[in-house]
Amino acid sequence: MSIPLVPQLLRSHLRELAQNDQRLDSRTQFEGRDVEIEVGILANAEGSARVRMGDTIVLAGVKFQTMTPYPDRPNEGGLMCMAEVRPVSGRQHEAGPPSAESIELSRVVDRGIRESGCIDTSDLCIIPGEKAWQVILDLFAVSDDGNLFDAFALAGITALRNATIPQEKFELGEDRPLVVSKTPIMCSYQRVGGRFIFDANGREELGGDERIHITLGDDNHVHSLQKGLKGAFTAAEFTELMEEARKKGDELRNMVHALEGGN
Amino acid sequence: MGYGDVEMIDANGIRKDGRKAGDVRPISIELGVVPVADGSCRMRWGTNDVIAAIYGPMEAHPRKIQRQDRAVLDVRYNMAPFSTSDRIRPGFNRRSREISKVTAEALESVVMLELYPRSKIRVEIEIICAEAGTRCVGLTAASVALAHAGIPMTDLVVSVASGKINDVVVCDLNKAEDNYGEADLPMGVLPNTGELVFLQMDGDLSPEEFQEAWDYNMNAAMVIHEYCVEALKTGRYPQ
(Lines give C-alpha, C1' and ligand atoms only; values in the text may rest on other atoms or scores of the structure.)
Protein backbone atom coordinates (compact mmCIF):
# COMPACT_ATOMS: atom_id res chain seq x y z
CA MET A 1 0.00 0.00 0.00
CA SER A 2 1.44 3.36 -1.01
CA ILE A 3 1.54 6.11 1.60
CA PRO A 4 -0.74 8.96 0.53
CA LEU A 5 0.67 12.48 0.32
CA VAL A 6 -2.43 14.12 1.79
CA PRO A 7 -1.95 13.25 5.48
CA GLN A 8 0.37 16.21 6.26
CA LEU A 9 -2.35 18.62 5.15
CA LEU A 10 -5.04 16.49 6.73
CA ARG A 11 -3.08 16.30 9.99
CA SER A 12 -2.72 20.05 10.29
CA HIS A 13 -6.41 20.46 9.51
CA LEU A 14 -7.31 17.90 12.19
CA ARG A 15 -5.06 19.70 14.69
CA GLU A 16 -6.83 22.99 14.03
CA LEU A 17 -10.22 21.35 14.46
CA ALA A 18 -9.13 19.69 17.71
CA GLN A 19 -7.95 23.02 19.13
CA ASN A 20 -11.47 24.33 18.62
CA ASP A 21 -13.01 21.12 20.02
CA GLN A 22 -14.40 20.19 16.59
CA ARG A 23 -14.29 17.14 14.31
CA LEU A 24 -14.50 16.62 10.55
CA ASP A 25 -18.12 15.52 10.68
CA SER A 26 -19.17 17.93 13.45
CA ARG A 27 -19.28 15.24 16.14
CA THR A 28 -18.10 15.98 19.70
CA GLN A 29 -14.94 14.36 21.09
CA PHE A 30 -16.54 11.18 22.46
CA GLU A 31 -19.59 11.04 20.21
CA GLY A 32 -19.97 7.93 18.04
CA ARG A 33 -21.68 7.72 14.68
CA ASP A 34 -25.24 6.44 14.62
CA VAL A 35 -25.26 2.66 15.00
CA GLU A 36 -27.67 0.36 13.14
CA ILE A 37 -27.77 -3.36 13.96
CA GLU A 38 -29.72 -6.03 12.06
CA VAL A 39 -29.78 -9.70 13.02
CA GLY A 40 -30.48 -12.91 11.11
CA ILE A 41 -29.60 -11.45 7.73
CA LEU A 42 -27.61 -14.41 6.31
CA ALA A 43 -29.76 -17.39 5.29
CA ASN A 44 -26.85 -19.88 5.26
CA ALA A 45 -25.27 -18.85 8.57
CA GLU A 46 -26.39 -20.26 11.93
CA GLY A 47 -26.26 -16.77 13.42
CA SER A 48 -25.64 -13.43 11.74
CA ALA A 49 -25.61 -9.67 12.14
CA ARG A 50 -24.99 -6.57 10.09
CA VAL A 51 -23.66 -3.41 11.76
CA ARG A 52 -23.57 0.02 10.18
CA MET A 53 -21.78 3.01 11.71
CA GLY A 54 -21.82 5.88 9.23
CA ASP A 55 -20.25 4.55 6.03
CA THR A 56 -18.62 1.63 7.83
CA ILE A 57 -20.60 -1.57 7.20
CA VAL A 58 -19.67 -5.06 8.41
CA LEU A 59 -21.24 -8.52 8.51
CA ALA A 60 -20.74 -11.31 11.03
CA GLY A 61 -21.67 -14.94 10.36
CA VAL A 62 -21.54 -17.89 12.76
CA LYS A 63 -20.93 -21.44 11.50
CA PHE A 64 -20.49 -24.68 13.46
CA GLN A 65 -18.19 -27.62 12.82
CA THR A 66 -17.41 -30.67 14.88
CA MET A 67 -13.88 -31.03 16.25
CA THR A 68 -11.82 -33.39 18.37
CA PRO A 69 -11.37 -31.75 21.79
CA TYR A 70 -7.83 -30.78 22.77
CA PRO A 71 -6.20 -33.55 24.88
CA ASP A 72 -5.82 -31.25 27.92
CA ARG A 73 -9.47 -30.17 27.70
CA PRO A 74 -11.42 -33.28 26.69
CA ASN A 75 -14.77 -31.84 27.81
CA GLU A 76 -14.63 -28.58 25.90
CA GLY A 77 -15.37 -27.29 22.43
CA GLY A 78 -13.79 -24.27 20.86
CA LEU A 79 -14.29 -20.79 19.47
CA MET A 80 -12.52 -19.43 16.40
CA CYS A 81 -12.78 -15.85 15.27
CA MET A 82 -11.65 -14.80 11.79
CA ALA A 83 -11.78 -11.29 10.35
CA GLU A 84 -11.43 -10.63 6.65
CA VAL A 85 -10.82 -7.18 5.25
CA ARG A 86 -11.19 -7.95 1.57
CA PRO A 87 -10.53 -5.47 -1.23
CA VAL A 88 -14.29 -4.95 -1.70
CA SER A 89 -14.30 -2.79 1.44
CA GLY A 90 -12.00 0.02 0.31
CA ARG A 91 -9.51 1.15 -2.30
CA GLN A 92 -6.64 0.97 0.21
CA HIS A 93 -7.28 -2.76 0.80
CA GLU A 94 -5.30 -4.90 -1.63
CA ALA A 95 -5.87 -8.51 -2.57
CA GLY A 96 -3.52 -11.09 -1.10
CA PRO A 97 -2.83 -12.94 2.12
CA PRO A 98 -4.23 -11.33 5.31
CA SER A 99 -2.29 -8.18 6.28
CA ALA A 100 -0.77 -7.71 9.74
CA GLU A 101 -3.53 -5.14 10.38
CA SER A 102 -6.37 -7.57 9.64
CA ILE A 103 -4.73 -10.29 11.75
CA GLU A 104 -4.43 -7.85 14.67
CA LEU A 105 -8.08 -6.91 14.11
CA SER A 106 -9.34 -10.47 14.33
CA ARG A 107 -7.14 -11.35 17.30
CA VAL A 108 -8.22 -8.32 19.35
CA VAL A 109 -11.91 -9.02 18.66
CA ASP A 110 -11.35 -12.71 19.46
CA ARG A 111 -9.71 -11.95 22.81
CA GLY A 112 -12.51 -9.65 23.92
CA ILE A 113 -15.14 -12.31 23.28
CA ARG A 114 -13.10 -15.29 24.49
CA GLU A 115 -11.80 -13.74 27.70
CA SER A 116 -15.19 -12.43 28.77
CA GLY A 117 -16.15 -16.09 29.25
CA CYS A 118 -19.48 -15.42 27.52
CA ILE A 119 -19.36 -18.84 25.86
CA ASP A 120 -19.19 -21.84 28.17
CA THR A 121 -16.95 -24.18 26.16
CA SER A 122 -17.99 -27.19 28.26
CA ASP A 123 -21.53 -26.69 26.91
CA LEU A 124 -20.07 -27.42 23.47
CA CYS A 125 -18.96 -30.96 24.35
CA ILE A 126 -20.74 -33.76 22.44
CA ILE A 127 -18.75 -36.88 23.41
CA PRO A 128 -15.97 -36.22 25.97
CA GLY A 129 -12.54 -36.65 24.43
CA GLU A 130 -14.02 -37.45 21.04
CA LYS A 131 -16.32 -34.83 19.66
CA ALA A 132 -17.22 -31.24 20.41
CA TRP A 133 -18.63 -28.20 18.65
CA GLN A 134 -16.32 -25.62 17.21
CA VAL A 135 -17.97 -22.22 16.88
CA ILE A 136 -16.55 -20.23 13.99
CA LEU A 137 -17.23 -16.51 13.89
CA ASP A 138 -16.42 -14.95 10.52
CA LEU A 139 -16.27 -11.16 10.34
CA PHE A 140 -16.51 -9.55 6.92
CA ALA A 141 -15.98 -5.88 6.05
CA VAL A 142 -18.32 -4.57 3.35
CA SER A 143 -17.33 -0.89 3.55
CA ASP A 144 -14.43 0.52 5.60
CA ASP A 145 -14.83 4.14 6.66
CA GLY A 146 -12.87 3.71 9.87
CA ASN A 147 -13.17 1.87 13.20
CA LEU A 148 -13.64 -1.66 11.89
CA PHE A 149 -12.61 -2.84 15.39
CA ASP A 150 -15.77 -1.68 17.15
CA ALA A 151 -18.00 -2.61 14.23
CA PHE A 152 -16.57 -6.15 14.08
CA ALA A 153 -16.79 -6.65 17.84
CA LEU A 154 -20.40 -5.45 17.94
CA ALA A 155 -21.48 -7.52 14.91
CA GLY A 156 -19.59 -10.52 16.31
CA ILE A 157 -21.20 -10.63 19.74
CA THR A 158 -24.63 -9.88 18.27
CA ALA A 159 -24.32 -12.76 15.78
CA LEU A 160 -23.16 -15.16 18.51
CA ARG A 161 -26.06 -14.16 20.76
CA ASN A 162 -28.45 -14.99 17.91
CA ALA A 163 -26.80 -18.28 16.89
CA THR A 164 -28.38 -21.72 16.83
CA ILE A 165 -26.35 -24.94 17.13
CA PRO A 166 -27.43 -26.94 14.03
CA GLN A 167 -27.67 -30.31 15.79
CA GLU A 168 -30.28 -31.65 13.36
CA LYS A 169 -28.04 -31.13 10.34
CA PHE A 170 -25.34 -33.19 12.07
CA GLU A 171 -27.89 -35.79 13.31
CA LEU A 172 -27.15 -34.94 16.94
CA GLY A 173 -30.68 -34.17 18.13
CA GLU A 174 -32.72 -31.02 17.98
CA ASP A 175 -31.32 -27.59 17.18
CA ARG A 176 -30.65 -25.48 20.27
CA PRO A 177 -29.60 -21.90 20.87
CA LEU A 178 -25.92 -21.21 21.55
CA VAL A 179 -25.73 -20.03 25.16
CA VAL A 180 -23.95 -16.68 25.38
CA SER A 181 -24.08 -15.40 28.95
CA LYS A 182 -22.44 -11.99 28.54
CA THR A 183 -22.16 -9.12 26.11
CA PRO A 184 -18.57 -7.86 25.86
CA ILE A 185 -18.39 -4.51 24.07
CA MET A 186 -15.33 -2.90 22.51
CA CYS A 187 -14.78 0.85 22.45
CA SER A 188 -11.91 2.26 20.41
CA TYR A 189 -10.22 5.62 20.79
CA GLN A 190 -7.62 7.24 18.55
CA ARG A 191 -5.41 10.26 19.04
CA VAL A 192 -6.43 12.73 16.34
CA GLY A 193 -5.12 16.29 16.27
CA GLY A 194 -3.44 15.71 19.63
CA ARG A 195 -6.42 14.44 21.66
CA PHE A 196 -8.25 11.14 21.90
CA ILE A 197 -11.58 10.78 20.11
CA PHE A 198 -14.11 7.94 19.99
CA ASP A 199 -15.06 6.07 16.80
CA ALA A 200 -12.62 7.59 14.28
CA ASN A 201 -13.85 7.65 10.70
CA GLY A 202 -11.64 6.80 7.72
CA ARG A 203 -10.15 10.30 7.33
CA GLU A 204 -9.50 10.62 11.06
CA GLU A 205 -7.73 7.24 11.01
CA LEU A 206 -5.61 8.37 8.05
CA GLY A 207 -4.49 11.53 9.84
CA GLY A 208 -4.40 10.07 13.37
CA ASP A 209 -1.82 8.61 15.74
CA GLU A 210 -2.02 5.83 18.33
CA ARG A 211 -5.25 4.03 19.09
CA ILE A 212 -6.51 2.24 22.19
CA HIS A 213 -9.09 -0.58 22.16
CA ILE A 214 -10.93 -1.42 25.37
CA THR A 215 -13.31 -4.38 25.72
CA LEU A 216 -15.54 -4.38 28.80
CA GLY A 217 -17.93 -7.05 30.08
CA ASP A 218 -21.40 -6.63 31.58
CA ASP A 219 -19.97 -5.88 35.05
CA ASN A 220 -17.42 -3.42 33.61
CA HIS A 221 -14.65 -5.97 34.03
CA VAL A 222 -11.84 -5.43 31.50
CA HIS A 223 -11.41 -8.35 29.08
CA SER A 224 -9.04 -7.08 26.44
CA LEU A 225 -6.86 -4.07 25.78
CA GLN A 226 -4.75 -3.23 22.79
CA LYS A 227 -2.60 -0.23 22.02
CA GLY A 228 -1.89 0.15 18.31
CA LEU A 229 0.24 2.40 16.09
CA LYS A 230 3.05 4.80 16.98
CA GLY A 231 2.57 7.16 19.93
CA ALA A 232 2.60 7.44 23.72
CA PHE A 233 -0.25 8.22 26.10
CA THR A 234 -0.46 9.19 29.78
CA ALA A 235 -2.12 7.41 32.68
CA ALA A 236 -4.52 10.34 33.06
CA GLU A 237 -5.59 10.04 29.44
CA PHE A 238 -6.17 6.32 29.85
CA THR A 239 -8.27 6.83 32.99
CA GLU A 240 -10.52 9.21 31.09
CA LEU A 241 -10.92 6.74 28.21
CA MET A 242 -11.83 3.90 30.59
CA GLU A 243 -14.51 6.12 32.11
CA GLU A 244 -15.89 6.93 28.65
CA ALA A 245 -15.76 3.26 27.59
CA ARG A 246 -17.93 2.27 30.57
CA LYS A 247 -20.62 4.76 29.58
CA LYS A 248 -20.51 3.97 25.87
CA GLY A 249 -20.27 0.22 26.54
CA ASP A 250 -23.48 0.27 28.58
CA GLU A 251 -25.26 2.15 25.81
CA LEU A 252 -24.22 -0.32 23.09
CA ARG A 253 -24.90 -3.36 25.28
CA ASN A 254 -28.42 -2.12 25.92
CA MET A 255 -28.86 -1.80 22.17
CA VAL A 256 -27.85 -5.44 21.63
CA HIS A 257 -30.14 -6.63 24.42
CA ALA A 258 -33.06 -4.56 23.11
CA LEU A 259 -32.79 -6.39 19.77
CA GLU A 260 -33.21 -9.71 21.54
CA GLY A 261 -36.28 -8.51 23.39
CA GLY A 262 -37.86 -7.82 20.03
CA ASN A 263 -37.29 -11.31 18.70
CA MET B 1 -28.86 -42.18 -6.14
CA GLY B 2 -28.83 -41.42 -9.85
CA TYR B 3 -29.60 -38.07 -11.40
CA GLY B 4 -33.26 -37.59 -12.17
CA ASP B 5 -34.45 -39.94 -9.41
CA VAL B 6 -35.59 -37.12 -7.14
CA GLU B 7 -38.85 -35.55 -8.17
CA MET B 8 -38.19 -31.87 -8.70
CA ILE B 9 -41.14 -30.98 -10.90
CA ASP B 10 -44.69 -32.34 -10.71
CA ALA B 11 -47.06 -33.61 -13.40
CA ASN B 12 -48.52 -30.12 -13.88
CA GLY B 13 -45.06 -28.68 -14.54
CA ILE B 14 -44.87 -26.91 -11.17
CA ARG B 15 -41.45 -26.85 -9.50
CA LYS B 16 -40.80 -27.44 -5.78
CA ASP B 17 -40.63 -23.69 -5.12
CA GLY B 18 -43.89 -23.06 -6.99
CA ARG B 19 -42.38 -21.75 -10.22
CA LYS B 20 -43.30 -22.80 -13.76
CA ALA B 21 -40.54 -23.97 -16.10
CA GLY B 22 -39.73 -20.55 -17.56
CA ASP B 23 -39.96 -18.52 -14.33
CA VAL B 24 -37.02 -16.69 -12.77
CA ARG B 25 -36.66 -16.42 -8.97
CA PRO B 26 -37.56 -13.05 -7.39
CA ILE B 27 -34.87 -10.41 -7.96
CA SER B 28 -34.13 -7.18 -6.12
CA ILE B 29 -31.35 -4.68 -6.82
CA GLU B 30 -29.95 -1.88 -4.66
CA LEU B 31 -27.22 0.59 -5.65
CA GLY B 32 -24.63 2.32 -3.48
CA VAL B 33 -24.43 -0.43 -0.85
CA VAL B 34 -20.65 0.07 -0.47
CA PRO B 35 -20.55 3.81 0.28
CA VAL B 36 -16.75 4.06 0.06
CA ALA B 37 -16.62 2.51 -3.45
CA ASP B 38 -16.90 4.39 -6.77
CA GLY B 39 -19.90 2.26 -7.71
CA SER B 40 -21.67 -0.66 -6.07
CA CYS B 41 -24.65 -2.94 -6.39
CA ARG B 42 -26.33 -5.52 -4.17
CA MET B 43 -28.34 -8.09 -6.04
CA ARG B 44 -30.63 -10.50 -4.29
CA TRP B 45 -31.84 -13.27 -6.56
CA GLY B 46 -33.80 -16.00 -4.82
CA THR B 47 -31.76 -16.57 -1.65
CA ASN B 48 -28.57 -15.48 -3.41
CA ASP B 49 -27.16 -12.27 -1.95
CA VAL B 50 -24.28 -10.72 -3.88
CA ILE B 51 -22.37 -7.45 -3.53
CA ALA B 52 -20.32 -5.97 -6.39
CA ALA B 53 -18.09 -2.93 -5.84
CA ILE B 54 -16.01 -0.91 -8.32
CA TYR B 55 -12.82 1.04 -7.59
CA GLY B 56 -11.24 3.12 -10.34
CA PRO B 57 -10.15 3.87 -12.94
CA MET B 58 -6.95 4.23 -10.91
CA GLU B 59 -3.20 3.96 -11.51
CA ALA B 60 -2.26 0.38 -12.41
CA HIS B 61 0.27 -1.15 -10.01
CA PRO B 62 2.71 -2.76 -10.45
CA ARG B 63 3.77 -1.16 -13.68
CA LYS B 64 4.18 -4.40 -15.57
CA ILE B 65 0.41 -4.97 -15.54
CA GLN B 66 -0.19 -1.65 -17.35
CA ARG B 67 -1.36 -1.65 -20.98
CA GLN B 68 -0.31 1.27 -23.18
CA ASP B 69 -3.57 1.38 -25.09
CA ARG B 70 -6.24 0.41 -22.56
CA ALA B 71 -7.21 -0.11 -18.95
CA VAL B 72 -6.94 -3.51 -17.28
CA LEU B 73 -9.89 -5.02 -15.44
CA ASP B 74 -8.98 -6.65 -12.14
CA VAL B 75 -11.93 -8.90 -11.33
CA ARG B 76 -12.26 -10.96 -8.19
CA TYR B 77 -15.13 -13.36 -7.47
CA ASN B 78 -15.13 -14.61 -3.90
CA MET B 79 -17.47 -16.54 -1.65
CA ALA B 80 -17.69 -15.37 1.96
CA PRO B 81 -16.98 -18.13 4.51
CA PHE B 82 -20.59 -18.05 5.77
CA SER B 83 -22.20 -17.98 2.32
CA THR B 84 -22.88 -21.71 2.05
CA SER B 85 -24.24 -24.52 4.18
CA ASP B 86 -20.72 -25.87 4.89
CA ARG B 87 -18.27 -23.10 5.80
CA ILE B 88 -15.81 -22.17 3.06
CA ARG B 89 -12.18 -21.67 4.04
CA PRO B 90 -11.12 -18.14 3.11
CA GLY B 91 -8.81 -17.66 0.16
CA PHE B 92 -8.71 -18.14 -3.57
CA ASN B 93 -9.44 -21.59 -4.95
CA ARG B 94 -9.50 -23.05 -8.46
CA ARG B 95 -13.23 -22.53 -8.86
CA SER B 96 -13.23 -18.85 -7.86
CA ARG B 97 -10.16 -18.25 -10.01
CA GLU B 98 -11.88 -19.67 -13.10
CA ILE B 99 -15.08 -17.73 -12.46
CA SER B 100 -13.06 -14.53 -11.94
CA LYS B 101 -11.32 -15.11 -15.27
CA VAL B 102 -14.43 -15.73 -17.38
CA THR B 103 -16.27 -12.87 -15.63
CA ALA B 104 -13.38 -10.50 -16.41
CA GLU B 105 -13.42 -11.57 -20.05
CA ALA B 106 -17.16 -11.05 -20.29
CA LEU B 107 -16.91 -7.54 -18.83
CA GLU B 108 -13.87 -6.64 -20.99
CA SER B 109 -16.17 -7.16 -23.98
CA VAL B 110 -18.40 -4.23 -22.96
CA VAL B 111 -16.30 -1.81 -20.88
CA MET B 112 -14.68 0.86 -23.10
CA LEU B 113 -11.21 0.15 -21.76
CA GLU B 114 -9.45 2.12 -24.50
CA LEU B 115 -10.63 5.35 -22.84
CA TYR B 116 -8.34 4.75 -19.84
CA PRO B 117 -4.85 3.71 -21.03
CA ARG B 118 -2.37 2.53 -18.35
CA SER B 119 -5.04 2.44 -15.64
CA LYS B 120 -6.81 -0.26 -13.69
CA ILE B 121 -10.44 -0.79 -12.80
CA ARG B 122 -11.09 -3.10 -9.85
CA VAL B 123 -14.27 -5.19 -9.85
CA GLU B 124 -14.93 -6.94 -6.54
CA ILE B 125 -17.69 -9.57 -6.45
CA GLU B 126 -18.53 -10.96 -3.03
CA ILE B 127 -21.02 -13.79 -2.59
CA ILE B 128 -22.61 -13.17 0.81
CA CYS B 129 -25.21 -15.91 0.51
CA ALA B 130 -25.17 -18.62 -2.17
CA GLU B 131 -28.06 -20.61 -3.58
CA ALA B 132 -27.07 -21.74 -7.11
CA GLY B 133 -26.28 -19.44 -10.00
CA THR B 134 -23.87 -17.17 -8.12
CA ARG B 135 -21.64 -16.65 -11.18
CA CYS B 136 -24.65 -15.29 -13.11
CA VAL B 137 -25.72 -13.03 -10.26
CA GLY B 138 -22.11 -11.88 -9.77
CA LEU B 139 -21.62 -11.01 -13.45
CA THR B 140 -24.94 -9.16 -13.72
CA ALA B 141 -24.33 -7.27 -10.45
CA ALA B 142 -20.81 -6.34 -11.59
CA SER B 143 -22.08 -4.86 -14.85
CA VAL B 144 -24.71 -2.82 -12.98
CA ALA B 145 -22.04 -1.65 -10.48
CA LEU B 146 -19.76 -0.57 -13.37
CA ALA B 147 -22.61 1.49 -14.81
CA HIS B 148 -23.28 2.92 -11.34
CA ALA B 149 -19.60 3.93 -11.16
CA GLY B 150 -20.09 5.89 -14.40
CA ILE B 151 -17.68 3.77 -16.42
CA PRO B 152 -18.50 3.93 -20.16
CA MET B 153 -19.83 0.65 -21.51
CA THR B 154 -21.38 -0.44 -24.78
CA ASP B 155 -24.04 -2.50 -22.97
CA LEU B 156 -24.90 -4.16 -19.70
CA VAL B 157 -24.23 -7.88 -19.32
CA VAL B 158 -27.22 -9.84 -18.05
CA SER B 159 -26.44 -13.39 -17.06
CA VAL B 160 -28.83 -16.24 -16.33
CA ALA B 161 -28.69 -20.04 -16.41
CA SER B 162 -31.17 -22.66 -17.56
CA GLY B 163 -30.94 -26.40 -17.07
CA LYS B 164 -32.74 -29.70 -17.00
CA ILE B 165 -34.50 -31.46 -14.13
CA ASN B 166 -36.42 -34.74 -14.47
CA ASP B 167 -35.96 -34.43 -18.26
CA VAL B 168 -37.73 -31.07 -18.29
CA VAL B 169 -35.86 -27.93 -19.36
CA VAL B 170 -36.32 -25.13 -16.81
CA CYS B 171 -35.03 -21.62 -16.32
CA ASP B 172 -32.87 -20.37 -13.40
CA LEU B 173 -32.09 -23.49 -11.34
CA ASN B 174 -32.27 -23.17 -7.55
CA LYS B 175 -29.98 -25.05 -5.16
CA ALA B 176 -31.88 -28.35 -5.04
CA GLU B 177 -32.47 -28.32 -8.79
CA ASP B 178 -28.80 -27.61 -9.39
CA ASN B 179 -27.76 -30.49 -7.12
CA TYR B 180 -30.08 -33.03 -8.70
CA GLY B 181 -30.28 -31.47 -12.18
CA GLU B 182 -29.02 -33.09 -15.35
CA ALA B 183 -27.65 -30.02 -17.10
CA ASP B 184 -26.75 -26.38 -16.51
CA LEU B 185 -26.30 -23.71 -19.20
CA PRO B 186 -25.24 -20.26 -17.89
CA MET B 187 -25.09 -17.45 -20.46
CA GLY B 188 -24.14 -13.76 -20.39
CA VAL B 189 -26.23 -11.76 -22.84
CA LEU B 190 -25.87 -8.20 -24.19
CA PRO B 191 -29.53 -7.14 -24.14
CA ASN B 192 -29.22 -4.48 -26.84
CA THR B 193 -27.64 -6.71 -29.49
CA GLY B 194 -28.52 -10.23 -28.35
CA GLU B 195 -24.82 -11.12 -28.48
CA LEU B 196 -23.18 -13.40 -25.91
CA VAL B 197 -20.04 -12.59 -23.89
CA PHE B 198 -20.22 -15.44 -21.42
CA LEU B 199 -21.12 -19.06 -22.00
CA GLN B 200 -20.56 -22.26 -20.07
CA MET B 201 -22.38 -25.57 -19.95
CA ASP B 202 -22.18 -28.92 -18.28
CA GLY B 203 -24.44 -31.95 -18.34
CA ASP B 204 -26.48 -33.55 -21.07
CA LEU B 205 -28.90 -31.77 -23.41
CA SER B 206 -30.39 -32.96 -26.71
CA PRO B 207 -30.32 -30.44 -29.59
CA GLU B 208 -34.00 -29.62 -28.91
CA GLU B 209 -33.45 -29.25 -25.18
CA PHE B 210 -30.42 -27.08 -25.80
CA GLN B 211 -32.45 -24.73 -27.98
CA GLU B 212 -35.17 -24.56 -25.36
CA ALA B 213 -32.68 -23.69 -22.60
CA TRP B 214 -31.06 -21.10 -24.88
CA ASP B 215 -34.44 -19.44 -25.55
CA TYR B 216 -35.35 -19.41 -21.84
CA ASN B 217 -32.07 -17.63 -21.09
CA MET B 218 -32.54 -15.07 -23.84
CA ASN B 219 -36.08 -14.24 -22.73
CA ALA B 220 -35.15 -14.08 -19.03
CA ALA B 221 -32.17 -11.83 -19.80
CA MET B 222 -34.44 -9.29 -21.49
CA VAL B 223 -36.74 -9.20 -18.46
CA ILE B 224 -33.85 -8.92 -15.96
CA HIS B 225 -32.36 -6.15 -18.10
CA GLU B 226 -35.48 -4.08 -17.46
CA TYR B 227 -34.96 -4.51 -13.69
CA CYS B 228 -31.32 -3.40 -14.01
CA VAL B 229 -32.23 -0.31 -16.02
CA GLU B 230 -34.91 0.63 -13.51
CA ALA B 231 -32.41 0.22 -10.64
CA LEU B 232 -29.86 2.41 -12.44
CA LYS B 233 -32.48 5.13 -12.94
CA THR B 234 -33.85 5.17 -9.40
CA GLY B 235 -31.26 3.45 -7.18
CA ARG B 236 -33.26 0.31 -6.58
CA TYR B 237 -35.57 -2.32 -8.01
CA PRO B 238 -38.34 -2.95 -7.10
CA GLN B 239 -39.31 0.50 -5.80
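**Exercise 1. Determine how strands E9 and E11 of chain A are joined, and place them in their sheet.**

Step 1. In this predicted model, strand E9 (residues 185-192) and strand E11 (residues 211-216) of chain A run antiparallel and are joined by six bridges. One residue pair to look for is Ile185(A), whose bridge partner in E11(A) is Leu216(A).

Step 2. The pair belongs to an open sheet of four strands in chain A, with the order E10-E9-E11-E12 and antiparallel pairing. Strand E10 (195-198) and strand E12 (222-228) of chain A each have a single partner strand and stand at the edges, so one side of each is left without a neighbour in the sheet. From one strand to the next, the twist averages 20°.

**Exercise 2. Work out the strand order of the six-stranded sheet of chain B, and find which helices pack on that sheet.**

Step 1. The sheet is open, its pairing is mixed, and its six strands follow the order E4-E5-E3-E2-E1-E11 (chain B). The edges are taken by E4 and by strand E11 (236-237) of chain B; each has a single partner strand, so one side of each is left without a neighbour in the sheet.

Step 2. Within this order, strand E2 (residues 39-45) of chain B pairs with E3(B) in the antiparallel sense over seven bridges, and Gly39(B) stands opposite Ile54(B) in E3(B).

Step 3. Helix H1 (residues 94-108) of chain B packs on the sheet by touching E4 and E5 of chain B, and its direction makes about 140° with that of E4(B). Helix H4 (residues 207-234) of chain B also packs on the sheet, touching strand E1 (27-31) and E11 of chain B, with a direction that makes about 30° with that of E1(B).

**Exercise 3. Describe the side of chain B that touches chain A by its elements and residue classes.**

Step 1. In the contact between the chains, 24 residues of chain B meet 25 residues of chain A.

Step 2. Strand E3 (48-59), strand E4 (72-79) and strand E5 (119-129) of chain B are the elements that give two or more residues to this side, and the largest share, five residues, comes from E5(B).

Step 3. By class, the residues on this side of chain B are 14 nonpolar, five polar and five charged.

**Exercise 4. Characterise one helix pair in each chain by angle, distance and contact residues.**

Step 1. Two packed helices are described by the angle between their axes and the distance between the axes. In chain A, helix H3 (residues 148-161) and helix H5 (residues 235-261) pack at an angle of about 30°, with their axes 11 Å apart. Angles under 35 degrees count as roughly parallel, and H3(A) and H5(A) are therefore roughly parallel to each other; their crossing is right-handed.

Step 2. The contact is made by Leu154(A), Ile157(A), Thr158(A) and Arg161(A) of H3(A) together with Leu252(A), Val256(A), Leu259(A) and Glu260(A) of H5(A). This contact has five nonpolar, one polar and two charged residues.

Step 3. In chain B, the axes of helix H2 (residues 134-148) and H4(B) cross at roughly 30° and come within 10 Å. H2(B) and H4(B) are therefore roughly parallel to each other, and their crossing is right-handed.

Step 4. From H2(B), Thr140(B), Val144(B), Ala147(B) and His148(B) meet Ile224(B), Cys228(B), Ala231(B) and Leu232(B) in H4(B). The residues of this contact divide into six nonpolar, two polar and no charged.

Conventions:
Residues are numbered from 1 along each chain as its sequence is written. Chains are lettered from A and ligands numbered from 1 in the order in which they are written. This is a predicted model: local features need pLDDT of at least 70, side-chain atom pairs count only at pLDDT 80 or more; totals for chains, interfaces and linings use all residues. Two strands pair if DSSP finds at least two bridges between them. Axes are lines fitted to C-alpha atoms, for helices over the stretch in contact, and angles run from 0 to 180 degrees between N-to-C directions. Two residues are in contact if their C-beta atoms, placed from the backbone, lie within 7 Å. Ala, Val, Leu, Ile, Met, Phe, Trp, Tyr, Cys and Pro count as nonpolar, Asp, Glu, Lys and Arg as charged, and the others, Gly among them, as polar. Angles under 35 degrees count as roughly parallel, over 145 as roughly antiparallel, 65 to 115 as roughly perpendicular and the rest as oblique. A crossing is left-handed if the near helix is turned anticlockwise from the far one by less than a right angle, and right-handed if clockwise.
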